[in-house]
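Please open the model in your viewer and keep the selection panel at hand, since this tour moves from one selection to the next.

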Amino acid sequence: MGACTTTSADDLMVAETQKIAEEATLPLIQLEYVHKKHTLSFELSQIDSVPASANSSTVFQAASLSKPVFAYIVLRMLDKGSIDLDAPVATYTDVDRFENKEWAWRITPRMVLSHRTGLYNWAAGPSGDAWPTSKISFLYEPDSIFSYSGEAFAFLQRAVENIEGKSLQEIAEREVFVPFDMPNTSYGWKENYTLIAADGYNREGGNAGKYRYARESSAYTLRTSAKEYSRFIKNALIDGVGLKPETHRLMLTPTGVAQRNKIERPYDKQITWGLGIGIEHNEELGDIYHHWGDNGNFKALFVIAPKVEKYLVYFTNSRKGHDIIDELLPVYFHNTKPLTLSEWISNDDFGY
C-alpha cells in the first residue's frame, strides 16, 4: 500500500478494498476517497510480480475519464467567448469524412458533450492507421437520442485545436494540468511513463503492456493517477474553479435520459447526462455525478455524491476492473442497494 495517514475507519476501508481486489485478482488498484476535508489515498497490489508504488504514483490509462477533462476545457472556452455551444462544430473544422454532410453540419458542441450527435462510438478503431481517413456515419439523426460517441469528441477536438491553434495536450496543460497540479497527467506519452505507467492485464491475467497510442485523443488517451485526477474532480467538477457559476451549473444539468438505443431498459431512466458527465438520480445518495473509463485492460471510475459530501476515483490495470463496482462502492458510500450506474456500465453496447 502507498503511504497515507489513516484512521481506524480508513484502515477498515483499505482492508475491505484489498479483499475485494484480491478476490477479483486485480494486479493493481489505486484509489482516492474524499469525505468533507478528509482524504484517503492508496495503491494496492494483489500480485507479487506487480508491486504497488510507495507513494501511489503509478500512472494508469484513464480511458473515457479523458472526456470530462475535455468538456471542462470546452466550457472554459465558452466563458472566454471563443466557442458557441450551439453553433455547428463544422463552423470551426471540416466535415470531409462524414458521409451525411447535411447532418454533420447540425452537430453542435452541446450535442457532442451530451452524447446526442447520433454518431457511432467510432468510425473505426481510433488507434489504427485507417481511422484518420475512415468514413463517419450516423446511427441516429442528430439530437434525437443519447448515442455515446468518442468519434464526436474527436470531431470537437479538431475544432478546439483549430480555434486555439494548439494541440490538445498544449491546451490541456494550460487549462487543467498546470493550474490543478497534475504533472504526470497527459493525453500523450511522457518520457517518465516508461518507469511509472502501469501495464494492462487481460481477463486471463496476461500482461498486455503499457501501449502507446498513435495520437492524442480527448476521448480516451489520458493517463493519470488517482491523486492527480482527484484534484481535477475537486477543483473543476465540484468547485467549478475557472468557470462562471452558471457555466458550472450547466455542466451538471441533465440534458436528457441516457437511453443508448431505441429499446427502453429500466436502468436507463435513472441515468441522465450533463455536459461531459453522467448523472444518476439515486434514492439514497441524491444526484450522483460519475464517469467510467474502459480501455479494455484498464478500467476506471469516479463517483461524486454531493448530498453526503463524498467522492471517489479508482483506477485498475485489469480487464476485470469493473467487476468490483457493486462490492466496492458500499464500502465508501454505505449505499444499501447497488447504484444504477453499475448495471448501466456493465450492459454497455457502444461498439464502433
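How are helix 2 and helix 6 oriented to each other? In this predicted model, select both helices: they pack at an angle of about 75°, with their axes 10 Å apart. Helix 2 and helix 6 are therefore roughly perpendicular to each other. To see the contact, show Val69, Phe70, Tyr72, Ile73, Arg76 and Lys80 on helix 2, together with Leu168, Ile171, Ala172, Arg174, Glu175, Val176 and Phe177 on helix 6. By class, the residues of this contact are 9 nonpolar and 4 charged, with no polar ones.

Next, keep helix 2 and add helix 8, which packs against helix 2 at an angle of about 40°, the axes lying 11 Å apart. That makes helix 2 oblique to helix 8, and the crossing of these two helices is left-handed. Here Pro68, Val69 and Tyr72 of helix 2 meet Tyr229, Phe232 and Ala236 of helix 8, a contact with 6 nonpolar residues and neither polar nor charged ones.

Now centre the view on Phe232, which, leaving aside its neighbours within four places in sequence, is in contact with Pro68, Val69, Tyr72, Val176, Phe180, Met182 and Leu237.

Finally, widen the selection to the largest nonpolar core, which has 70 residues, and in which Leu156, Tyr229 and Phe232 touch the most other members. Among the elements that give two or more residues to this core are strand 1 (28-35), helix 5 (150-164) and strand 11 (310-316), while the largest share, 8 residues, comes from helix 2. A second, separate core of 37 residues can be located through Ile20, Ile288, Leu301 and Tyr332, which are included in it.

Definitions and conventions: Residues are numbered from 1 along each chain as its sequence is written. This is a predicted model: local features need pLDDT of at least 70, side-chain atom pairs count only at pLDDT 80 or more; totals for chains, interfaces and linings use all residues. Side-chain values use heavy atoms; hydrogens and water are left out. A nonpolar core is a set of buried Ala, Val, Leu, Ile, Met, Phe, Trp, Tyr and Cys residues joined through side-chain atoms within 4.5 Å. Buried means under 20% relative accessible area, exposed over 50%, partly exposed in between (1.4 Å probe, protein chains only). Helices (H or I, at least four residues) and strands (E, at least two) are DSSP runs, numbered from the N terminus. Contact means heavy atoms within 4.5 Å. Axes are lines fitted to C-alpha atoms, for helices over the stretch in contact, and angles run from 0 to 180 degrees between N-to-C directions. Angles under 35 degrees count as roughly parallel, over 145 as roughly antiparallel, 65 to 115 as roughly perpendicular and the rest as oblique. Ala, Val, Leu, Ile, Met, Phe, Trp, Tyr, Cys and Pro count as nonpolar, Asp, Glu, Lys and Arg as charged, and the others, Gly among them, as polar. A crossing is left-handed if the near helix is turned anticlockwise from the far one by less than a right angle, and right-handed if clockwise.
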